[in-house]
Amino acid sequence: MTTLQALFPPRLPQQTSDENVVVNWAKNATLAPAQAVATPENEAQLQQMIAAAKGRIRVMGSRMSPGRMLKLSEPGDTLIDLSRLRGVLAVSDESVTFAAGTVLHEVFETLTSMNRMLHASPGVIDSQTLAGAVSTGTHGQGMGQSSLADEALSIRLIDAHGEAHDIERDDAAFDAAQQALGTLGVITAVTLRTRPSTLYTCFKSAGNADNLAEDLIAWNDEWTFSKAWWFPDENKVHTWNAREATAEEQALWRDNHGELVEMEETDEQMNATVDKTLAQMRDDTRIVDENGKPFRTVTRFKDFTDVIGDIYQVFCRGIATPQINIEIGIPMSRVAAVIARMKAWHSESQPHMHYPIILRCTGASSAWLSPAGGEPTCFFGFVVYYAEDGSLSAEGTAFLRAAEQLLAEEGGRPHWGKYFDPSLYNWPALYPQFEAFKAVRRRFDPDGKFMNRFMAEVLS
C-alpha cells in the first residue's frame, strides 16, 4: 500500500509557492521549475514544440489533479500550458467545437448564450480546462448521461511526432482517446454535442438512511438528475432530485431575470446535522474564519429550499477549496451490497467523519478507462479539507484510507483525476480494454513522450 505521505501530502510551505516553481492547485506538490513551462500561442507552435522535444511532456490544465499525474520526471521535460488555446472554433446545428484550453465555466457560459447545453450534467466545479476534464473523466449525476468525455463527438490531438489527428466517434481509437489521461498526445480541440437549453426544478429533501440503497436506486430511476449526501453518524441523507421545469416554474425563472430561483419555503431538517459536521470540520482544520470556504460547502444544507434554474445554475455549485478528494465508482448492480457493508463497517469501527459521503450515479460510459465504462455506476465521494497550517486530520485521512480499501475490495474503480492508492487496484482486471488502450497509446506515442513516472507505473 502506498505510504500516507505520498498519497496525502501536506500543503507546501508558503515560500515554496513562488514564481520560480509551478505547483498544483491544492499546493501540495511542486510540478516543475517555472522555466520548464511552455505556453504555445497556437496549434502550429505546439506541434513544433512537441516534435522538437527531447524529454517528456505533460499538460498541466488547471492543475487540479494530484501532483503525481502532472509532475515532470527529469530535467529537460516540458510542462505544456494551453491557456492561449481557448474559445469557440466552430459551431454546427448540433455541436460546438472548443479549443482545449477553454475553462469549463467559459464553455457553459458560451452554450447558455446560444440557448444550448450539454447532454451531460456538469461536475460541481467549473474551473477545469475542457481537455483536462475530458481526459480525467469529470462527471455529474443522472442515469441518462455519463461523463463529459461521453459528450465528445471529435477529439483533435497532437501525437508524439507533432502530427495532428482528428479522432471521430467511428474511429477505432476514439474510446481510448476519450479518457486517455494525457498519455496519447496533447488535445487541442474537442467537439461537443449539444441540445436546446432546458430548465430544471430541483427538489431538496432530508430523511433517515435506513433504506439508503433502495432509495438511491429509486431516485436515480425516477429523476432526471439525482445527488445525495450521506451522513452516517446521524443516519441521515440529504438529497437533490431534479426534473424538467413545468411551464409555470419556467415563468418564475424568467420573472427572476434568468437567475436561480430559490423557493420561499425552507426546511430546517438538516440544521442540527450540519452544525455537528461544522464543529468537526473546525476542529480538524483549525480555520479561524467562520465563513471559510470549507465550511460554506456544508452550510448550504441549512435552511435548504427547492430551486429552479438551468442545469449549470442548479448543479455547478461547488466551492473550490484545497482538499483531498477520493471518488470510487461502484457498478449499480453492487450498490446495495456495498452500502450494507459500509453501514456495518461504520457501526463497528465508528470512524471519524470529516464530511458526508457524496453519492452521484451515472449511466455507462463508452471510454475504455472510465470508472463507469460499460455499465451504470454510482460514485462514492470522500473529502478531507486541509487545516490552516497545511496539515490533514489524521483521523480524517485514516477514514479515507479505510473507505477506499473497502470499496477497492468490492471492485471499485477510482476517479483518475482525484486521489487514490494505485497499489489497491488490478487495472487489467478492472478494465477489460486495458491492454487495447496501451496498444493505442503506443501507436500515438511509441517512445513514451507523454508519460511521467507515475503514469508509466500505472500503465506498466
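For the charges discussed on this tour, Lys and Arg count as positive and Asp and Glu as negative. The structure on display is a predicted model.

**The whole chain**

Begin by selecting the entire chain and colouring its charged residues. There are 41 positive and 60 negative charges, and the mean positions of these two groups lie 5 Å apart.

Next, switch to a cartoon view. The chain is built from 16 helices and 20 strands. Viewed along its principal axes, the set of C-alpha atoms fills a box of roughly 60 × 50 × 40 Å. The radius of gyration is 22 Å, which agrees with the value near 23 Å that a compact globule of 460 residues would have.

A surface view may now be added. The accessible surface of the chain amounts to about 18,400 Å², and carbon and sulfur atoms account for 48% of that area. Of the 460 residues, 57% count as buried. Contacts can also be described by their span in sequence: among those between residues at least 6 apart, 71% join residues at least 24 apart.

**An annotated region**

Select residues 29-197. An unreviewed UniProt entry places the feature "domain: FAD-binding PCMH-type" here. Over residues 29-197, the chain is 21% helix and 28% strand. To see how the region begins and ends, mark the C-alpha atoms of its two end residues, which are 39 Å apart.

**Tyr355 and its surroundings**

Now select Tyr355. This residue is found in the loop that runs between helix H12 (335-349) and strand E18 (357-362). Is Tyr355 buried or exposed? Its relative accessibility is 5%, so Tyr355 counts as buried, the cut-off for buried being under 20%.

Display the side chains around Tyr355. Leaving aside neighbours within four places in sequence, the residues in contact with Tyr355 are Trp229, Met281, Thr297, Val298, Arg300, Val383 and Tyr385. Of these partners, Val383 may be examined further: Tyr355 and Val383 are 28 residues apart in sequence, and their C-alpha atoms are 6.1 Å apart in space.

**Ala456 in helix H16**

Finally, move to Ala456, which has its place in helix H16 (residues 453-458). Ala456 has a relative accessible area of 29% and is therefore partly exposed. To end the tour, select Asn235 together with Ala456 and draw a line between their C-alpha atoms. This line spans 42 Å, while the two residues are 221 residues apart in sequence.

Key: Residues are numbered from 1 along each chain as its sequence is written. This is a predicted model: local features need pLDDT of at least 70, side-chain atom pairs count only at pLDDT 80 or more; totals for chains, interfaces and linings use all residues. Side-chain values use heavy atoms; hydrogens and water are left out. Helices (H or I, at least four residues) and strands (E, at least two) are DSSP runs, numbered from the N terminus. The radius of gyration is taken over C-alpha atoms; the globule rule is 2.2 Å times the number of residues to the power 0.38. Buried means under 20% relative accessible area, exposed over 50%, partly exposed in between (1.4 Å probe, protein chains only). Contact means heavy atoms within 4.5 Å. Accessible areas come from the Shrake-Rupley method with a 1.4 Å probe; for residues, only the protein chains shown count as cover. The place of a charge is taken as NZ of Lys, CZ of Arg, CG of Asp or CD of Glu. UniProt positions are given in the numbering used here, feature names are shortened, and annotations may be inferred rather than shown by experiment.
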